[in-house]
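Here is a friendly walk through a small set of features worth finding in the viewer. Keep the sequence at hand as you read.

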Amino acid sequence: MIANRVGAIEIDGFHLNYSIEGDGQPVLVVGSMLYYARTFSAEIKEKFQFIFIDHRGFAQAPQPAPGKEAYELDRIL
């Protein structure tokens, strides 16, 4: 199995952490990188490569704090 890779990217001032675990077909899991990475078994990570990334709602907001439009679905997508 490939070693876990972790890092962060910045989008619109939001610092989004990510972790890549497993082998195989990539699967993107958006939410809390820390929480969701713990919910998938080692067995399934042998079949799929999971890319866990924070949703901006789980990240520290940039300063000055953005307005509510920064959290709207069309902006996130």
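Strand 1 and strand 2 make a hairpin with two residues between them, and D12, in the turn, has a positive phi of about 55°. This is a predicted model, so please read every value below as computed from its atoms. D12 is a residue other than glycine, which is what makes its positive phi worth a look. You will find D12 in the loop that links strand 1 to strand 2 (14-22). Is D12 buried, exposed or partly exposed? D12 is partly exposed because its relative accessible area is 42%, which falls between the 20% and 50% cut-offs.

**The sheet**

From the hairpin we can move outwards to the whole sheet. Four strands form an open sheet in the order 1-2-4-3, with mixed pairing. At its edges lie strand 1 (5-11) and strand 3 (25-31), each of which pairs on one side only. From one strand to the next, the twist averages 20°. As a reminder, strands of a sheet pair through backbone hydrogen bonds, in either a parallel or an antiparallel way.

The table gives the strand pairs, with one facing residue pair for each.

| Strand pair | Sense and bridges | A facing pair |
|---|---|---|
| Strand 1 and strand 2 | antiparallel, seven bridges | V6 and S19 |
| Strand 2 and strand 4 | antiparallel, five bridges | Y18 and I53 |
| Strand 3 and strand 4 | parallel, seven bridges | Q25 and F48 |

To trace the pairs on screen, begin with V6, which stands opposite S19 in strand 2. Then look for Y18, whose bridge partner in strand 4 is I53. Finally, Q25 faces F48 in strand 4.

**The loop after strand 4**

Where does R56 sit? R56 belongs to the loop between strand 4 (48-54) and helix 3 (73-76). R56 is buried, because its relative accessible area is 6%, and buried means under 20%. Which residues does R56 touch, once its neighbours within four places in sequence are left aside? The contacts of R56 are I11, D12, F14, L16, A70, Y71, R75 and I76. D12, the turn residue with the positive phi, is thus one of the contacts of R56.

P64 is found in the loop between strand 4 and helix 3 as well. The peptide bond that joins Q63 and P64 is cis, with omega at about 0°.

**Helix 1 and the loop that follows**

L34 lies in helix 1 (residues 33-37). L34 counts as exposed, because its relative accessibility is 52% and the cut-off for exposed is over 50%. L34 and F58 are 24 residues apart along the chain, and their C-alpha atoms are separated by 9.9 Å.

F40 can be found in the loop between helix 1 and helix 2 (42-45). With a relative accessibility of 26%, F40 counts as partly exposed. Leaving aside its neighbours within four places in sequence, F40 is in contact with V29, K45, F50 and F52. What separates the C-alpha atoms of F40 and N17? These two residues are 23 apart along the chain, and the distance between their C-alpha atoms is 18 Å.

**The chain as a whole**

With these details in place, here is the wider view. The protein chain has three helices and four strands. Read from the N terminus, its elements follow the order β-β-β-α-α-β-α. Along the principal axes, the C-alpha atoms fill a box of roughly 40 × 20 × 15 Å.

How many of the 77 residues, as a percentage, count as buried? The share is 27%. Taking contacts between residues at least 6 apart in sequence, 46% join residues at least 24 apart. The accessible surface of the protein chain comes to about 5400 Å², and 56% of that belongs to carbon and sulfur atoms. As for charge, the chain has 7 positive and 10 negative charges, whose mean positions are 2 Å apart.

Terms used
Residues are numbered from 1 along each chain as its sequence is written. This is a predicted model: local features need pLDDT of at least 70, side-chain atom pairs count only at pLDDT 80 or more; totals for chains, interfaces and linings use all residues. Side-chain values use heavy atoms; hydrogens and water are left out. Buried means under 20% relative accessible area, exposed over 50%, partly exposed in between (1.4 Å probe, protein chains only). Contact means heavy atoms within 4.5 Å. Two strands pair if DSSP finds at least two bridges between them. Axes are lines fitted to C-alpha atoms, for helices over the stretch in contact, and angles run from 0 to 180 degrees between N-to-C directions. Accessible areas come from the Shrake-Rupley method with a 1.4 Å probe; for residues, only the protein chains shown count as cover. Lys and Arg count as positive and Asp and Glu as negative; His and the chain ends are not counted. The place of a charge is taken as NZ of Lys, CZ of Arg, CG of Asp or CD of Glu.
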